[in-house]
Amino acid sequence: MSDLILSSLPLLLKGLVVTLLLSIASIAGSTLLGLLAAVLRTSNIPVGAQIARVYTELFRGTPMLITLMFIYFGVAYFGYEINLFAAGILGLSIYQGAYISEVFRAGIEAVPQGQWEVSQILGLDKRQAFFSVILPQTRRIVLPPLVGQYLSLIKDTSIVSMIGMSELMHQGQAIVDRIGQPVVIYCLVAALYFAICYPLSRWVQHHNHTRSQLS
């Protein structure tokens, strides 16, 4: 058993690195996209708000695998090429961005309306008020659900294996196909996903506990 674990670790660790890189890039992309959609949803621009609403409803109402398949194979259908890593980042960012936009929207709408009025009294325009006054106040509101969505994103990277990307889940499946022992290998894969997610989960729990003590 120990020999099986040792022989499997190099490939699994290689897949783990790909998963980490994919997760980091997708977290950045989905956060930016989600924030943009949330700003449009809460803006006074009817067209922008409608586009953002359609975006969030569309991707929250369809499976992530469909998004990935459409991006990877759909781009090729129109005569263009996209590599697996880029397709994975784009698919995860677009899909998770729809959920993250709702997290940000809830945080923005939770800031009292009086903060906008005070900002106007101080001579700030709407853009300055948003980035200098409103957005900083949403941090403590959105952080717990935002980290929860990041954890979901990290686990969703396993779905990218369906288009052939050699991330952690794909490497685990390749080892099972070659030597069998699915219970042992998938336990190792699960342990590595847990090793990524648990510190992030503990960090947000510690942050919430500290904040509750201070308040």
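Four aromatic pairs were identified in the predicted model. In one of them, formed by Tyr95 and Tyr99, the ring centres lie 5.5 Å apart and the planes meet at 50°, so the pair is classed as tilted. Both tyrosines belong to helix H4 (residues 84-110), where a spacing of four residues separates Tyr95 from Tyr99 by about one helical turn. The two side chains differ in their accessibility class: Tyr95 is buried, with a relative accessibility of 10%, whereas Tyr99, at 24% relative accessible area, is partly exposed.

Helix H4 is also among the packing partners of helix H3, whose buried residues pack against helix H2 (46-60), H4 and helix H6 (126-156). The buried residues of H3 include Met64, Thr67, Leu68, Ile71 and Gly74. Ile71 additionally marks the centre of a kink of about 25° in H3. The end C-alpha atoms of H3 (residues 64-77) are 19 Å apart, which agrees with the 20 Å that its 14 residues should span at 1.5 Å a residue. After H3 comes Gly79, which has a positive phi, near 90°.

A search of the whole structure returned zero disulfides. Cys187 takes part in no disulfide, and the nearest cysteine sulfur, that of Cys197, is 16 Å away. Seen from Cys197, the closest cysteine sulfur is that of Cys187; because the separation is 16 Å, the two are too far apart for a bond, given that a disulfide requires sulfur atoms within 2.5 Å. Cys197 is buried, its relative accessible area being 11%.

How values were computed. Residues numbered from 1 in each chain as written. Predicted model: local features only at pLDDT ≥ 70, side-chain atom pairs only at ≥ 80, totals over all residues. Heavy atoms only, no water. Buried < 20%, exposed > 50% of the residue type's maximum accessible area, 1.4 Å probe, protein only. Phe/Tyr/Trp six-rings, centres within 6.5 Å; stacked < 30°, edge-to-face > 60°. Helix = DSSP H or I, 4+ residues; strand = E, 2+ residues; numbered from the N terminus. Expected span 1.5 Å × (residues − 1). Bend = angle between axes of the 7 residues up to and from the residue. Contact = heavy atoms within 4.5 Å.
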